[in-house]
Amino acid sequence: MWVCSTLWRVRTAARQWRGLLPASGCHGPAASSYSASAEPARVRALVYGHHGDPAKVVELKNLELAAVGGSDVHVKMLAAPINPSDINMIQGNYGLLPELPAVGGNEGVAQVVAVGSSVTRLKPGDWVIPANAGLGTWRTEAVFSEEALIQVPSDIPLQSAATLGVNPCTAYRMLMDFEQLQPGDSVIQNASNSGVGQAVIQIAAALGLRTINVVRDRPDIQKLSDRLKSLGAEHVITEEELRRPEMKNFFKDMPQPRLALNCVGGKSSTELLRQLARGGTMVTYGGMAKQPVIASVSLLIFKDLKLRGFWLSQWKKDHSPDQFKELILTLCDLIRRGQLTAPACSQVPLQDYQSALEASMKPFMSLKQILTM
């Protein structure tokens, strides 16, 4: 049932963001029309009408803005990142797919412009982020229902706010929910240069955990290693180094990890499993290699390893909005203390979306693409 209800919310939200329905889902005043001839402040959005290569199916269009009902909030988008889940959704390879045509983007930060008469939690000037995926953040303005938004402090950096709702939340929950880790314990992860990977490094350091961070070899590997270590990474190794027999000596000076975080799959995930301590857990939250997780039978039997999965959308379904808000505020505290920064990023104007989409899909891309409105 949760899939059906969530899909309904995604589809309804998509129609709301396109201006086809008032954001409350009820009949209301006629929507205000924004176009080149009628209004100088046009509502521009990145829209895709069918699934496929994002660089080919996404178009910049002018859309209507729905009227603001009693429980609605009119927002101006400030910045929105391009995440792997956004790409997968456009390609049609994701657990939640909005009704087409749809506006791209699941994450971002907006500023409240106006609120309906029944809105109590928000006021003009507040910063907000989407409460759930599928709302379509790659646009200049939108009208939401109040319940679709989470307020965030406006005293944190804009890039941190724009990238707060997905990757840091995923990192924090994986570190907290699967193993009872104590300061001094170690964690191993692949895709360590990803948005989640960088958040894992920083949050783990704040918790006193030691990290072993696996990355693909590349020409500028030393530069990448230095940058990850500046975030708090204790060790940065390549996939090739992870496979070497010498790895057995690696844990003479540090405990074997009880938690492995897998975003790749295939051989990389198999190697993570080999490094786990007896009874440890590998959590899979992505599959960049598009290959299955292969677990050795002997490791499962003799080391009693556990294989788990994590999806933030499901976590939010299983927890209350207040618990998600608490998670956001916890992360904001880390940001204020300088213990959690936004991933290295490149800010790209919305109209230059083609270059941003192409850059986000390049191998070894170290910069998160953030669309600015």
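**Exercise 1. Work out how many disulfides a search of the whole structure finds, and look at cysteine 169.**

Step 1: the search turns up 0 disulfides, a disulfide being a pair of cysteine sulfur atoms within 2.5 Å. Bear in mind that this is a predicted model, where local features need pLDDT of at least 70, side-chain atom pairs count only at pLDDT 80 or more, and totals for chains, interfaces and linings use all residues. Side-chain values use heavy atoms, with hydrogens and water left out, and residues are numbered from 1 along each chain as its sequence is written.

Step 2: for cysteine 169, the closest cysteine sulfur belongs to cysteine 332, and at 9.1 Å that is too far for a bond.

Step 3: cysteine 169 also counts as buried, with 0% relative accessibility (buried means under 20% relative accessible area with a 1.4 Å probe, protein chains only).

**Exercise 2. Place arginine 139 and find what its side chain reaches.**

Step 1: go to the loop between β6 (127-130) and β7 (141-145); arginine 139 sits there. Strands here are DSSP runs of E, at least two residues, and helices are runs of H or I, at least four, numbered from the N terminus.

Step 2: check for charge partners. Arginine 139 is buried yet has no salt bridge (a side-chain nitrogen of Lys or Arg within 4 Å of a carboxyl oxygen of Asp or Glu). The nearest side chain of opposite charge, glutamate 141, is 9.3 Å away.

Step 3: try the backbone instead. The arginine 139 side chain reaches the backbone oxygen of glycine 136 at 3.5 Å.

Note on methods:
Buried means under 20% relative accessible area, exposed over 50%, partly exposed in between (1.4 Å probe, protein chains only). Lys and Arg count as positive and Asp and Glu as negative; His and the chain ends are not counted. A polar contact is a pair of N or O atoms within 3.5 Å; within protein, one must be able to donate a hydrogen and the other to accept it, and residues adjacent in sequence count only if both atoms are side-chain atoms.
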